[in-house]
Amino acid sequence: MGKTEFAIRRTFQLVLTLWAVGTLLFVIFRLMPGDPTSYILSPGMDAEARQAIVEDFGLNAPVHEQYISFLTNAVVLDFGRSFHTSEPVQDVLFRLIPNTLVLMLAAFVMAYGIGIVLGVFVGANRGTRFEKGGIVLALVQRSMPTFWVGILVLWIFGAWLGVIPMSGMRSAGESPESFLHMVASLDFFWHLIAPAACLAFYSMGYPLLLMRNSMLEILGEEFIDVCEAKGLKRRTVLFKHAARNAFLPIVTAAAVSLGFAVGGSVLIETVFGWPGLGREMVRAVIRRDFPVAQGAFVMLAGLVITMNFVADLAYGYLDPRVTYD
Amino acid sequence: MSLLEVDDLRVHYETGEGPVKAVDGVSFSIDPGENVGIVGESGCGKTTLADAILGILEENGSVAGGEIRFDGQDITDMSASERRRLMWNEISMIPQSAMNALDPVYTVRDQIVEAIFAHETMSNNEADERVRDLFELVGLDPERADDYPHQFSGGMRQRAMIAMALALEPSLILADEPTTALDVIMQDQILKRISALQDEINSSMMIITHDVSVVAETCDRVVVMYAGKVAEEGPADTIFDRPYHPYTLGLQGAFPNIRKPDQDLVSIPGHPPELIEPPTGCRFVDRCPLATEDCRTSEPPEVRTDDLRTFCHHTDKIDGGFRSRAGDRDAWKETVAAMEIQR
Amino acid sequence: MGIQDETADSIYTDLDEYAGVDDDRSEWSRFIARWRETFASQWRLLKQDTLVVFGIVTIAFFALVAVLAPYIAPHSPLERQYGDDGVLISQWHEPFWLGGEGGHILGTTAEGYDIFSQLVFGTRPALIVGFAAAVITATFGTMVALVAGYYGGRVDDVLMRLVDIAYGLPLLPTVILMVAYLGPSFFNVIIAVCLLQWRSSARVIRSQVLSLRERPFVQSARVAGASDWRIISRHIAPNVLPLTFLYAAFAIGWGILTEAGVSFLGLGDPSQVSWGTMLQSSHTYNAMSHGVWWWFVPPGICIALVVISGFLIGRGYEEITNPKLRRRN
């Protein structure tokens with residue numbers, strides 16, 4: 001199988017997965033006990049508003065028509081309007097996505113940058129106390145609930161030392177002209193650092209352990225001996241050769257673990273009051289604002305699915321040996 | 001002066017059950033331009049010996065005693081950076097299986113150039129020119145230098161490894177089973193190629209193998225190793241024609257002999273001993289048909305006969321008839337019987 | 001992680017090798033005895049790792065606390081406490097060793113609940129979620145893997161596409177959505193966690209089954225005319241057992257972390273006190289701004305301890321099942 005054929009097949013699989021997730025959502029929504037309208041209609045609404053929503057959702061149409069329109073709407077990311085603010089869900093989502101992406105990207109770069117380098121050293125020091133310490137550290141990082149770490153950070157650095165803001169994405173009174181202006185500001189960075197670091201702290205253990213396992217396998221290969229015999233510096237052998245080879249499985253794992261990072265970001269956004277997609281989803285669920293909750297979920301799931309897709313494709317370019325059999 | 005002198009070298013691997021004495025007091029030397037073969041069954045410490053010289057022992061292995069002198073300097077004593085300067089530039093290697101000896105994610109050219117740049121300053125063009133020359137030298141198409149290792153066949157990879165080993169014209173090449181992964185025709189070609197190239201740049205070579213015929217073809221001198229110790233050492237011709245150690249005789253019988261093609265192959269019964277607590281006397285005692293009580297209690301003396309060094313209590317019995325019988329299965333019968341009694 | 005390779009022969013068991021030893025017993029009692037032997041050898045391997053022993057001891061300790069909770073906790077977890085002045089507490093009190101009134105071991109919450117009692121009772125939901133998740137995900141994942149890997153073909157394709165789809169679902173958001181739709185109950189959280197967690201065990205164990213299927217002892221059993229059930233139960237299942245345990249051990253951690261996360265978001269079972277709900281209320285009352293650390297530090301430590309115990313046990317298993325991670329001697 002060639003690269004192109006693999007890409008086509010993988011794309012087909014991507015569409016299939018997206019369709020399955022959409023269908024799942026539809027089924028769960030319809031299969032809820034009782035009349036679905038009772039879930040999406042708040043008792044306080046007047047008859048006219050109820051009717052508008054029922055029509056908006058197409059709840060009076062036959063199920064298969066509802067299904068088709070649900071899917072077509074999902075494709076164009078039209079999830080209706082928020083019950084709460086009547087704002088189109090699409091607008092809400094597009095406003096919040098950049099905030100979540102910036103947070104996740106910052107955390108991801110930190111987690112994988114530090115995690116991978118630590119993993120290389122832990123793997124290179126097999127059987128030492130350093131190795132055992134590294135493994136335990138990684139497991140501790142993954143065992144501490146993210147939101148609890150966030151609480152501790154807020155307590156120590158926010159309330160006690162007063163060096164980080166307690167909540168939000170920017171200080172009161174700051175009103176940047178655009179998203180880019182805001183991201184570039186020092187104030188934003190000051191707000192970003194704590195939630196991103198907490199998220200990174202949690203995500204770091206995975207690349208660390210994976211890299212260590214992968215390093216152990218690669219360091220046993222004969223070409224590493226040859227590299228050492230060539231008189232290369234230890235650093236060159238470890239990073240240019242061992243880590244470069246050990247890195248390959250991490251790419252796939254990174255994308256898969258993004259699924260977990262998305263979960264973590266829901267919690268971290270809530271703890272730090274970060275106005276992102278995850279926090280909005282939780283708030284929508286609590287307010288029973290189903291259109292927003294669904295929309296946010298589809299965006300988060302779409303992000304995970306797309307990242308898995310990208311990882312699979314990227315693997316072929318990083319490893320010249322891949323043949324896709 | 002010898003190029004390489006290994007003097008009473010001891011290499012231990014730490015394990016849960018105690019140190020494994022993989023190399024235990026081995027001494028020999030290699031002169032400039034000389035080819036020395038290290039022969040023995042697997043598990044006799046041959047590869048450990050090479051790894052120790054190259055400084056690439058497994059992390060639980062270490063040099064526990066003795067010296068490895070290269071050009072008179074003890075390399076076990078050197079700092080890491082001094083040693084790196086020596087590696088590949090002076091001592092290079094052709095590893096056991098070229099299959100996995102090349103880094104899969106870089107092109108062959110990149111890997112050869114990397115070795116060159118680690119030791120010499122030259123322009124990229126000069127380095128590329130050198131790679132081109134090396135490829136022609138080992139009989140590879142220079143146009144393929146930009147291929148990745150997986151695009152090469154087994155024989156091509158072996159040639160690429162040889163090209164890499166020669167890149168800096170080292171004075172010593174350590175070849176660990178350089179041809180075992182190849183078919184017989186390819187083996188022959190590669191061996192001839194190695195010998196020819198080696199004459200050209202006048203380097204010495206240490207060939208590690210369990211295949212006696214490889215040694216016969218390429219080596220001036222042979223060191224026979226058994227269970228971490230030297231059993232016998234001397235010029236290749238003498239080792240083949242008039243060896244004194246029963247183990248050497250046993251090894252010969254186990255491989256097809258070009259000079260006596262009709263002879264049956266007879267393998268030595270039993271296995272090399274565990275090296276955590278090796279036998280106290282001669283290490284070959286449990287498999288040797290000539291073994292006596294002396295062999296069990298005291299280490300064999302070094303016996304010099306003609307131009308051989310032999311570590312055996314019974315060199316007299318060899319001349320007295322065992323040599324001519326060693327090719328027969330019957331000669332080893334007593335060993336089999338003795339082993340059965342022990343069981 | 002944990003993918004085996006050809007060198008792993010040492011762990012392969014073939015239950016039929018024991019056949020003919022105790023022929024006077026019935027077929028079934030021999031079958032069970034062999035399985036017991038398989039379990040026992042797993043246990044012997046595990047005991048050698050101090051970190052694994054630490055994990056087992058910790059979980060055993062928390063299990064004991066969970067069972068004995070009513071005897072250990074001085075109060076009911078949702079029983080409002082009275083201060084020394086006889087008035088209902090409506091502000092947190094410090095632990096008695098910090099000079100707090102009422103003699104509360106870990107003080108009280110802002111609502112006047114005894115924190116230590118909540119902590120003790122919180123072990124129950126945590127362990128139930130953990131073990132339910134472990135048992136259900138490991139069993140289900142292994143069964144899917146055995147079927148997909150052993151029968152291959154179309155069955156394998158369909159099951160593995162299902163795994164791919166499950167991988168497309170972000171864990172926590174999916175659980176949140178399901179709890180939102182199904183209602184915030186403890187049981188629903190368990191269901192939601194299990195629905196998502198079987199995927200990784202299924203995927204990894206399947207590839208193990210694929211390689212086992214081609215091994216000589218399985219091939220020879222097949223040639224000898226053994227039934228599918230016999231081959232799976234005798235020859236394949238014992239060899240994927242370490243991987244099943246590995247994923248079960250990891251699932252304990254994921255289950256507890258997810259339950260805590262869902263509760264922290266305010267979507268947990270409102271009638272039950274868990275470590276997650278404790279952290280949620282401390283966050284709601286902004287306890288970290290007021291430095292009421294005795295409220296939010298202990299539950300987090302408990303979660304981390306149980307979760308890391310699961311991970312350590314899983315880790316120990318991984319070192320056993322993946323010979324490449326073992327020290328070469």
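Colleague: In what order do the four strands of the open sheet in chain B lie?

Modeller: The order is β2-β1-β4-β5 in chain B, and the pairing is antiparallel. As general background, strands of a sheet pair through backbone hydrogen bonds, either parallel or antiparallel. Here two strands pair if DSSP finds at least two bridges between them. Strands (E, at least two residues) and helices (H or I, at least four) are DSSP runs, numbered from the N terminus. Before we go on, please note that this is a predicted model, where local features need pLDDT of at least 70, side-chain atom pairs count only at pLDDT 80 or more, and totals for chains, interfaces and linings use all residues. Residues are numbered from 1 along each chain as its sequence is written, chains are lettered from A and ligands numbered from 1 in the order in which they are written, and side-chain values use heavy atoms, with hydrogens and water left out.

Colleague: Which are the edge strands of that sheet?

Modeller: They are β2 (20-30) and β5 (73-74) of chain B, each pairing on one side only. Eight bridges join β2(B) to the antiparallel strand β1 (residues 4-13) of chain B. Within β2(B), Val23(B) stands opposite Val11(B).

Colleague: Which helix packs on the sheet?

Modeller: Look for helix α1 (residues 46-54) of chain B, which touches β1, β2 and β4 (61-70) of that chain. Contact means heavy atoms within 4.5 Å. The direction of α1(B) makes about 110 degrees with that of β1(B). For such angles, axes are lines fitted to C-alpha atoms, for helices over the stretch in contact, and the angles run from 0 to 180 degrees between N-to-C directions.

Colleague: How many aromatic pairs are there over all chains?

Modeller: The rule is that rings of Phe, Tyr and Trp (its six-membered ring) pair if their centres lie within 6.5 Å; planes under 30 degrees apart count as stacked, over 60 as edge-to-face and the rest as tilted. By this rule there are 17 over all chains. One of them is the stacked pair of Trp155(A) and Trp160(A), at 6.2 Å centre to centre with 20 degrees between the planes. Ring pairs also link Phe26(A), Tyr67(A) and Phe70(A) into a cluster.

Colleague: Is Trp155(A) buried or exposed?

Modeller: Buried means under 20% relative accessible area, exposed over 50%, and partly exposed in between (1.4 Å probe, protein chains only). Trp155(A) has 16%, so it is buried, whereas Trp160(A) counts as exposed because its value is 63%.

Colleague: Where is Asp147(B) found?

Modeller: You can find Asp147(B) in the loop between α4 (124-137) and α5 (154-166) of chain B. Asp147(B) counts as buried because its relative accessibility is 17%. Leaving aside neighbours within four places in sequence, Asp147(B) is in contact with Thr107(B), Val108(B) and Phe152(B).

Colleague: What is the secondary structure of chain C?

Modeller: Chain C has eleven helices and zero strands. Buried residues make up 60% of its 329 residues. Of the contacts in chain C with a separation of 6 or more, 71% join residues 24 or more positions apart.

Colleague: Which residues does Val144(C) touch, not counting those up to four places away in sequence?

Modeller: Val144(C) touches Leu159(C), Trp198(C) and Ala202(C) on that count. Val144(C) is found in helix α4 (residues 115-151) of chain C, and with a relative accessible area of 8% it is buried. Met160(C) is 16 residues from Val144(C) in sequence and 9.1 Å away in space, C-alpha to C-alpha.
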